[in-house]
Every structure is written in structure tokens, then in C-alpha cells.
Amino acid sequence: MAYAVEVKNIVKKFPSVTAVDDVSFNVDEGEIFGLLGPNGAGKTTLNRMLTCLIKPTSGQANIRGLDVVKYPVRVRRNIGVVSQAMTSDLDLTAWENLDIYGKYFDIPKTRRHETIKYLLETVGLANRAQELVATYSGGMRRRLEIARGLIHKPYILFLDEPTTGLDPQSRRVIWDLLNKIRKETKLTIFITTHYMDEADFLCDRIAIVDYGKIVVLDSPSNLKRSIGGFDIIEMLLSNYTPEVEASLKAMQFVKNITKKDEYTRVYVTDAAKAMPVIIEDIKKMHGSIDYLAIQKQSLEDVFIHYTGKTIREAEAQKTNFILGAGAPRQFPGGRL
Ligand SMILES: Nc1ncnc2c1ncn2[C@@H]1O[C@H](COP(=O)(O)OP(=O)(O)OP(=O)(O)O)[C@@H](O)[C@H]1O
Ligand SMILES: [Mg+2]
């Protein structure tokens with residue numbers, strides 16, 4: 001079976017910069033795959049090549065086995081696209097926005113209307129369907145655009161920085177929505193982001209990109225493991241006997257235990273998995289936990305490890321004239 005996305009030595013050169021520089025990777029069907037990188041790393045450019053908006057300078061990309069340069073029409077039938085800039089029409093209602101797209105894909109009326117109804121419900125906009133998009137919040141508009149990307153039931157959904165500029169609550173709603181859609185439809189999702197927490201929460205695998213190149217590619221937990229750190233569970237325990245300590249130490253995922261002041265710090269491979277087991281064990285041995293905090297190894301640490309800088313520093317280093325969807329534009333009068 002062909003990969004959902006297959007990229008071989010792809011390059012995109014612009015006159016002043018090589019935006020994507022010899023990138024290769026595969027995305028499995030049903031996977032949520034993330035490109036994580038700072039401003040100007042080449043995420044949108046790669047995305048545009050995979051969605052047939054621009055042609056690679058060299059190299060190849062296939063979508064479900066179809067070459068994006070040779071078969072753009074067939075590729076477009078297989079993919080949904082949510083671009084970095086919001087592009088839903090403000091002067092139309094949500095329903096009308098979706099209906100136009102459905103017509104564009106030649107979906108017959110009855111099926112089109114059924115799908116629109118289903119999608120508006122899925123993204124939580126059914127009760128606002130007849131209102132102009134101009135009255136929507138940023139998060140609602142994004143959800144509408146995700147619905148629009150799914151109107152023709154694509155196999156792969158491409159999202160370019162879907163939550164940039166949204167408040168934390170709206171971001172969370174979008175994440176839950178993407179997870180839900182993936183579960184219900186077995187959709188493959190290709191997402192670009194510069195948010196570590198977004199990549200960590202959503203993605204099965206992440207490629208960290210910087211200056212047009214993939215620096216490292218793996219699952220979030222493998223990436224964290226690869227830099228040799230651990231999550232730390234810090235606890236204040238009463239009744240912390242040598243038996244409790246021995247029992248904790250015997251657990252496979254416990255890598256070390258240290259004491260600082262009256263606090264016990266347990267180093268584990270994955271705090272989310274370890275915590276319930278540890279709590280249960282301590283209870284069983286009649287210990288009690290008076291305080292508990294988790295220090296999680298983050299992708300930020302991974303990014304620093306592989307690029308030598310924080311993502312903020314990486315962004316500051318790049319001269320960023322990018323407006324909207326990522327292409328530099330000239331202001332009237334010739335000044336940038
Ligand atoms: N049409 C274009 N013409 C010339 N240079 C371009 C064009 N599009 C992108 N670039 C340049 O290619 C590089 C990568 O840009 P791209 O938009 O792909 O980055 P990005 O990772 O999506 O960044 P952001 O997080 O800001 O969206 C940048 O240096 C950018 O200025
Ligand atoms: Mg971009």
C-alpha cells in the first residue's frame with residue numbers, strides 16, 4: 001500500500017533563499033504528522049508543494065502514490081487544505097461558504113447538503129450556520145475552514161498553522177476537533193506549527209525543520225527520550241518508608257529517586273503513564289501524598305538540543321518579512 005505522503009529529496013529554491021533543502025520523509029495512512037519549525041523554516045513552502053500550489057525545483061512528492069506534479073487534479077481530489085491565512089468568505093454565511101466548495105467539487109445537491117450538515121455539527125457550528133462569517137470569532141472561522149477542507153471527504157487534510165493567533169481555549173477546541181475527526185474518519189493529517197505543545201499533543205510523529213532541512217524526525221516521546229532526559233514527579237510524602245522507596249525503585253519506568261529537603265523526586269520515562277501506578281503503590285503501602293507536581297520533559301528541550309537555540313531565538317534570527325500566507329510582499333512604493 002502506498003504511503004499517504006511520500007517525499008523524496010524535495011528542494012524549492014527562490015531567488016534569494018533555498019526554502020526547502022533536500023527533504024525526504026513518508027507519512028503513513030491515518031497518521032497525524034507534524035512539521036515543527038520557526039518562522040521562515042520552509043513549512044508553508046513544503047506544504048504548498050505537497051498541495052500542488054507550487055512546483056518543486058527538484059525531487060519528488062507523491063500523495064497516495066500520485067506524483068503532485070504529474071497528477072495535480074487527482075491529487076486535489078484526495079486532499080483537503082486549510083491554509084495559513086484565513087480564506088473563508090466573510091460576506092457569506094458558513095453554509096454558503098461550504099456550499100460553494102461542495103459545488104466546486106461537483107458534489108450532487110442532496111449529498112452536498114447532508115455532508116454540510118454533518119460537518120457543521122462536527123465542528124460545532126450548526127447553530128450559527130446561517131450567520132455571516134464576518135460575525136465569527138477567529139476560532140469559529142478556523143473550524144469552518146476545517147469543515148470546508150473536508151467537504152469532498154479527502155483522505156489527507158493539510159493544515160498550515162491552524163491555531164496561530166487563537167486564544168488558548170480555541171486552540172484546545174481545534175485540537176480536540178482534529179483528534180475526533182481523525183478517530184471517526186481515519187483521516188491522515190499533515191499539520192505545520194511552531195507551537196511545541198500543539199505538536200506534542202496532536203502528532204504521532206514530528207519532523208523538526210530549520211532553514212529548510214529536517215533536523216530530526218520521530219514520535220514526541222522518542223524525541224524526548226533521545227535527548228536522555230526524564231519527567232520528574234515531585235512529591236511530599238508522609239510515611240515514606242524504605243519499603244515504599246524499594247517498591248518504587250523496582251518499577252521498570254522509574255529511573256532514579258532523589259530526596260531534596262523533604263521532597264521526593266521520582267525520575268520516570270513518562271509521567272502520565274507512571275503517575276497512576278505510583279499513586280496506587282504508595283496507597284497500598286499506607287503512605288500518603290500531601291503534595292505532587294510534575295515537571296515534564298518538553299519538546300522545547302528537544303528543539304534546543306537539536307538546533308542549539310530556543311524556537312523564539314530561531315524566529316528572532318530570521319529576518320521575517322512574511323505577511324499572511326508566507327510569501328514576502330512588496331508594499332506600495334517599493335518599501336518592505
Ligand atoms: N514566493 C516566495 N518568493 C520568495 N521567497 C519566498 C517565497 N515564499 C517563501 N519564501 C521564503 O522561503 C523561506 C521559507 O518561507 P515559508 O513561508 O515556507 O516558511 P514558514 O516555515 O512557513 O514560516 P512561517 O512560520 O512564518 O509561516 C523564507 O525565507 C521566505 O521568505
Ligand atoms: Mg508558514
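Here is a quick tour of a metal site and some ring contacts in this structure. Keep in mind that the model is predicted. A magnesium ion (ligand 2) has two protein donors, Thr44 and Gln84, and the structure also holds eight aromatic pairs.

**The magnesium site**
- Thr44 reaches the magnesium ion (ligand 2) through OG1 and Gln84 does so through OE1, at 1.9 to 2.3 Å from the ion.
- These two donors come from distant parts of the chain, 40 residues apart: threonine 44 is in helix H1, while glutamine 84 is in the loop between strand S6 and helix H3.
- Threonine 44 is buried, with a relative accessible area of 13%, whereas glutamine 84 counts as partly exposed at 23%.

**Aromatic pairs**
- Among the eight pairs, phenylalanine 33 and phenylalanine 190 are stacked, at 5.8 Å centre to centre with 20 degrees between the planes.
- That pair links strand S3, home of phenylalanine 33, with strand S8, home of phenylalanine 190, across 157 residues.
- Both of these phenylalanines, 33 and 190, are buried, and ring pairs join them with Phe25 and Phe158 in a cluster.
- Tryptophan 175 and phenylalanine 201 are stacked too, because their ring centres are 5.1 Å apart and their planes meet at 25 degrees.
- Tryptophan 175 sits in helix H6 and phenylalanine 201 in helix H7, so the pair ties together parts 26 residues apart in sequence.
- Tryptophan 175 counts as buried at 7% relative accessibility, but phenylalanine 201 is partly exposed at 33%.

**Charges over rings**
- Arginine 148 has its charged end over the ring of tyrosine 101, 4.5 Å from the ring's centre.
- Over the face of tyrosine 195 lies arginine 171, at 3.9 Å from the ring centre.

Technical notes
Residues numbered from 1 in each chain as written. Chains lettered and ligands numbered in written order. Predicted model: local features only at pLDDT ≥ 70, side-chain atom pairs only at ≥ 80, totals over all residues. Heavy atoms only, no water. Donors = N, O, S within 2.8 Å, 3.2 Å for Na, K, Ca; no water. Helix = DSSP H or I, 4+ residues; strand = E, 2+ residues; numbered from the N terminus. Buried < 20%, exposed > 50% of the residue type's maximum accessible area, 1.4 Å probe, protein only. Phe/Tyr/Trp six-rings, centres within 6.5 Å; stacked < 30°, edge-to-face > 60°. Lys NZ or Arg CZ within 6 Å of the ring centre and 35° of its normal.
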